[in-house]
Amino acid sequence: MAETELKIPKHVAIIMDGNGRWAKKRLLPRTAGHIQGSKVAEQICEDAYNLGIEYLTIYAFSTENWARPQKEVDTLMDLLRKYMKDSIERSTKNNMVVKVLGDKSRLAPDLIESIDKLEKITENNTGLKFNVAINYGGRDEIVRAVKKLYGDIENGTYCIEDVNEEIFESYLDTGNVPAVDLMIRTSGELRTSNFLPWQLTYAELYFTDVLWPDFNKKELQKAIEYYNKRDRRFGGVK
């Protein structure tokens, strides 16, 4: 299917899996896979925008990833630090909005400061809306949303009778951005791993054996071609 004939999903989410296996195949340390994977993430942002995708959400570091070896965690945190700092210039150049999803409270103060600065500088840009999930877990996000909503019910912002899906959704990390249309997971794993459970409710799920460091625009197009073959009824009948 030609690129111009594709119906482009508005919101794409990606679980970037396989960095460690990519490195192992090349007799490299796992950290080398993460470094290459971060470079691929940068390129995919540009490719996604050029294809017409409006929202891109990636799973960079989950609440469960703290259990990995400390050296690997430290490398991931250093990569995120570098990415946040480099993204200020890159996002300004590419007119990209960057937002970080997840519980920032466990992150180092300097990383939180970089995140806040990046979000503030890019908030009025009009290009790709890029969400990076760091210390993110879907269940954790819902619990945090419930706590925030409960606080606002207690202080009178809402009555319990007023609460509906739209109001609850506004308390999620993603806010009221469009639901995910297409979720991609690389490396052959067939699960969503606590990633955006609310937002993925009616998403099309695409799994590929390609390891994340080998993912590119061609592979992204393959996922979109799969999406185009799906009959999205949202519980109804056509």
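# Exercises on a predicted model

The structure holds 0 disulfides. The model is predicted, and the exercises below address its cysteines, strands, salt bridges and nonpolar cores.

## Exercise 1. Cysteines

Task: State whether C45 and C159 are buried or exposed to some degree.

Solution.
- Step 1. The cut-off for a buried residue is under 20% relative accessible area.
- Step 2. C45 has 4% relative accessibility and therefore counts as buried.
- Step 3. C159, with a relative accessible area of 44%, is partly exposed.
- Step 4. A disulfide is a covalent bond between the sulfur atoms of two cysteines. The search of this model returns 0 such bonds.

## Exercise 2. Strand β3 and its partner

Task: Determine why strand β3 is described as largely enclosed, and describe how β3 and β4 pair.

Solution.
- Step 1. Strand β3 spans residues 97-101, and 4 of its 5 residues are buried, so the rest of the structure largely encloses this strand.
- Step 2. Strand β4 covers residues 129-136 and pairs with β3 in the parallel sense, over 5 bridges.
- Step 3. Within this pairing, V98 has F130 of β4 as its bridge partner.
- Step 4. Between β3 and β4 the chain passes through helix α4 (residues 109-122), giving a β-α-β crossover that is left-handed.

## Exercise 3. Salt bridges between distant parts of the chain

Task: Identify which parts of the chain the D17 and R185 pair links, and which parts E189 and R21 tie together.

Solution.
- Step 1. Side chains of opposite charge can pair when their charged atoms come close. In the whole structure, 16 salt bridges are found.
- Step 2. One salt bridge joins the side chains of D17 and R185, with an N to O distance of 2.9 Å. D17 belongs to the loop between β1 and α1, while R185 belongs to strand β5 (residues 182-185); the two are 168 residues apart.
- Step 3. D17 is buried at a relative accessible area of 15%, and R185 is buried at 5%.
- Step 4. E189 and R21 form a further salt bridge, in which the closest N and O atoms are 3.4 Å apart. E189 sits in the loop between β5 and β6 and R21 in helix α1, so this pair connects parts 168 residues apart in sequence.
- Step 5. E189 is partly exposed at 21% relative accessibility, as is R21 at 35%.
- Step 6. Another salt bridge is formed by the side chains of E72 and R68, at 3.0 Å from N to O. Here E72 is buried, with a relative accessible area of 5%, whereas R68 is partly exposed at 29%.
- Step 7. Through shared partners, salt bridges unite D17, R21, R185, E189 and R191 in one network.

## Exercise 4. Nonpolar cores

Task: Name which residues touch the most other members of the largest nonpolar core, and list what F130 touches.

Solution.
- Step 1. The largest nonpolar core has 42 residues, and those touching the most other members are I14, L56, F130 and I184.
- Step 2. With residues up to four places away in sequence left out, F130 touches C45, L56, I58, Y83, M96, V97, V98 and K99.
- Step 3. A second, separate core has 12 residues, among them I15, M183, F195 and L200.

## Exercise 5. T75

Task: Locate T75 and state how far apart T75 and I35 are in space.

Solution.
- Step 1. T75 is part of helix α3, which runs over residues 70-94.
- Step 2. Its relative accessible area is 18%, so T75 is buried.
- Step 3. T75 and I35, 40 residues apart in sequence, are separated by 8.7 Å from C-alpha to C-alpha.

Definitions and conventions
Residues are numbered from 1 along each chain as its sequence is written. This is a predicted model: local features need pLDDT of at least 70, side-chain atom pairs count only at pLDDT 80 or more; totals for chains, interfaces and linings use all residues. Side-chain values use heavy atoms; hydrogens and water are left out. Buried means under 20% relative accessible area, exposed over 50%, partly exposed in between (1.4 Å probe, protein chains only). Helices (H or I, at least four residues) and strands (E, at least two) are DSSP runs, numbered from the N terminus. Two strands pair if DSSP finds at least two bridges between them. A crossover is right-handed if, with the strands pointing away from the viewer, the path from the first strand over the helix to the second runs clockwise. A salt bridge is a side-chain nitrogen of Lys or Arg within 4 Å of a carboxyl oxygen of Asp or Glu. A disulfide is a pair of cysteine sulfur atoms within 2.5 Å. A nonpolar core is a set of buried Ala, Val, Leu, Ile, Met, Phe, Trp, Tyr and Cys residues joined through side-chain atoms within 4.5 Å. Contact means heavy atoms within 4.5 Å.
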